[in-house]
Amino acid sequence: MNRWMPWAWGAVVGLLYSLVSVLSWRRLTVNSWDNAIFEQAVKAYSRFEAPIVPVKGPGYNILGDHFSPIDALLAPAYWLFPYGQTLLVAQGLLIGLSVVPVTRLAVDRLGARVGWTIAVMYGLAFGFGNAVVADFHEVAFAVPILAMAGVAFVEQRYAAVVWWSLPLLLVKEDMGVTVAAVGVALWLVGERRRGLILAIVGAVALVLVVWVVIPAFNTGGGYDYTGNLGGEVGMWETLTTEADRKLLTLLLTFGVTGFAALWSPWAVVAAPTFLWRFLGDVEYYWGTDWHYSIVIMPIVFVAMIDAIGRRPRLEWPGVVLGAAVGGYLLAGGPVVKLLEPETWEASPRREAMQEAIGTIPEDAVVETDIAVLKYLTGSHDDAYWIGTIGDVVPDYIIFDRQLTQTDPVQHGAEHGASYEIVFDRDNYVVARKVG
């Protein structure tokens with residue numbers, strides 16, 4: 001195998017997912033507020049400042065929400081390209097980077113025909129497409145790390161498994177359980193000492209981060225997501241709520257590997273992510289949409305390669321069924337939609353939104369809704385969301401009437417100030433504080 005071919009496929013995958021994200025940005029697609037949150041954090045890191053995120057609230061330190069200091073690695077890219085799209089491209093490239101070790105492992109262990117088939121299946125996996133549609137999230141960093149740890153596991157380089165797993169603790173607090181699960185996988189293949197130590201490190205890290213580190217940065221002195229587990233009805237009731245939907249998520253996730261992944265001990269690493277998702281009382285966790293499956297993809301595909309290498313009889317059932325399930329999920333997905341002309345068209349309202357934002361001085365305090373938020377945070381440091389602005393009195397209010405029907409002048413009066421309309425076009429309206 002030409003050693004550059006995996007890099008070429010990784011570059012293609014990175015480009016595809018970057019395009020999906022950037023074109024969605026041009027179409028003014030309203031996804032969530034997350035890209036704005038992460039851009040404010042990365043912008044602060046790029047200035048060597050604490051990651052204060054006004055979108056979450058006045059003076060809100062993002063480390064008091066989720067423990068993701070690894071986001072600081074994006075600071076150099078943000079120095080060069082200080083735009084929200086930088087995070088989207090970075091996410092695509094991180095996914096593409098993970099393709100390289102997975103492709104090499106697949107081809108080296110299973111041969112060119114089967115190996116490259118799995119490499120294509122991995123690069124186009126549903127967990128990646130659905131994640132990039134939902135804009136940037138910090139868990140994208142876990143994808144190449146888990147890929148490298150998994151490859152080392154299959155190649156029986158167990159010390160490397162440990163060292164590749166440890167950076168996951170900087171990605172997000174729940175990764176502590178994933179690291180512990182890597183320890184369990186090592187235990188299952190006879191690496192008892194390393195497995196036990198890593199499991200303990202992951203569990204201790206989780207406890208320290210959730211009950212000590214995050215509360216230290218959190219304005220309420222606690223961890224805001226503890227109540228998600230079980231919600232108000234309890235663990236069992238939450239786990240069994242919409243059980244058919246959760247079962248379908250499991251079937252599709254392992255189905256893209258033709259269920260071959262289940263024959264590898266590495267598959268146990270996916271268990272913690274499924275557990276907290278299905279025990280959480282947030283219904284977005286339960287399906288295959290959004291970004292919640294992105295970290296599962298490198299785990300199940302590496303497990304698939306491992307299982308087929310151990311049991312060659314799984315090769316064609318796994319590949320044929322996996323390709324069928326993956327192809328079904330790919331059809332109509334964001335990558336396939338790149339073939340549609342309208343995907344490449346910018347929103348006809350884009351110019352109006354840019355003009356509306358241009359009426360607001362960069363040093364102004366601004367309140368806005370989710371439709372405008374991620375387009376505002378790059379140029380305006382003090383950008384707040386309407387739902388978390390608290391007692392801050394904004395200098396300007398900008399709404400997209402297609403999403404927010406509230407009159408900005410009347411809304412401004414709730415802040416105890418008077419406002420006047422200074423821009424109104426294509427349903428974008430800007431109000432300026434008087435006096």
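Charge is a good place to begin: the chain carries 28 positive and 41 negative side chains. The centres of these two sets lie 12 Å apart. The model is a predicted one, and each value below is computed from its atoms.

The overall build comes next. The chain holds 18 helices and five strands. Along the principal axes, its C-alpha atoms fill a box of roughly 75 × 50 × 40 Å. The radius of gyration is 23 Å, which agrees with the value near 22 Å that a compact globule of 435 residues would have. Among contacts with a separation of 6 or more, 72% join residues 24 or more positions apart. Of the 435 residues, 55% count as buried. The surface that the chain exposes comes to about 18,400 Å², and carbon and sulfur atoms supply 62% of it.

The interior can be described through its nonpolar cores. The largest of them has 109 residues. Those with the most contacts inside this core are Ile118, Phe128, Trp266, Ile294, Phe301, Met304 and Ile398. Helix H14, which spans residues 296-310, gives the core its largest share, namely eleven residues. A second core, separate from this one, has eight residues, among them Trp33, Ala36, Ile37 and Ala41. Returning to the largest core, Met304 offers a closer view of the packing. Leaving aside neighbours within four places in sequence, Met304 is in contact with Ile118, Met121, Thr257, Ala260, Ala261, Gly318 and Val319. One of these partners, Ile118, is itself listed with the most contacts inside the core.

His411 gives another example of a buried residue. This histidine is found in helix H18, residues 408-413. Its relative accessibility is 9%, so His411 counts as buried, the cut-off being under 20%. Not counting residues up to four places away in sequence, His411 touches Glu367, Ile386, Ile397, Phe399 and Thr406.

A contrasting picture appears around helix H3, which covers residues 75-80 and includes Trp79. Is Trp79 buried or exposed? With a relative accessibility of 48%, Trp79 falls in between and counts as partly exposed, because the label "exposed" is kept for values over 50%. Apart from neighbours within four places in sequence, Trp79 is in contact with Ser46 and Phe48. Trp79 and Val42 are 37 residues apart in sequence, while their C-alpha atoms are 9.8 Å apart in space.

Phe48, one of the contacts of Trp79, deserves a look of its own. This phenylalanine sits in the loop between helix H2 (34-46) and H3. What is the phi of Phe48? The angle is near 60°, a positive value in a residue other than glycine. Phe48 has a relative accessible area of 73%, and it is therefore exposed.

A positive phi is also found at Asn427, about 75° in this case, although Asn427 is not a glycine. Where does Asn427 lie? Its place is the loop between strand E4 (419-425) and strand E5 (428-433). The relative accessible area of Asn427 is 35%, so this asparagine is partly exposed.

Conventions. Residues are numbered from 1 along each chain as its sequence is written. This is a predicted model: local features need pLDDT of at least 70, side-chain atom pairs count only at pLDDT 80 or more; totals for chains, interfaces and linings use all residues. Side-chain values use heavy atoms; hydrogens and water are left out. Helices (H or I, at least four residues) and strands (E, at least two) are DSSP runs, numbered from the N terminus. The radius of gyration is taken over C-alpha atoms; the globule rule is 2.2 Å times the number of residues to the power 0.38. Buried means under 20% relative accessible area, exposed over 50%, partly exposed in between (1.4 Å probe, protein chains only). Contact means heavy atoms within 4.5 Å. Accessible areas come from the Shrake-Rupley method with a 1.4 Å probe; for residues, only the protein chains shown count as cover. Lys and Arg count as positive and Asp and Glu as negative; His and the chain ends are not counted. The place of a charge is taken as NZ of Lys, CZ of Arg, CG of Asp or CD of Glu. A nonpolar core is a set of buried Ala, Val, Leu, Ile, Met, Phe, Trp, Tyr and Cys residues joined through side-chain atoms within 4.5 Å.
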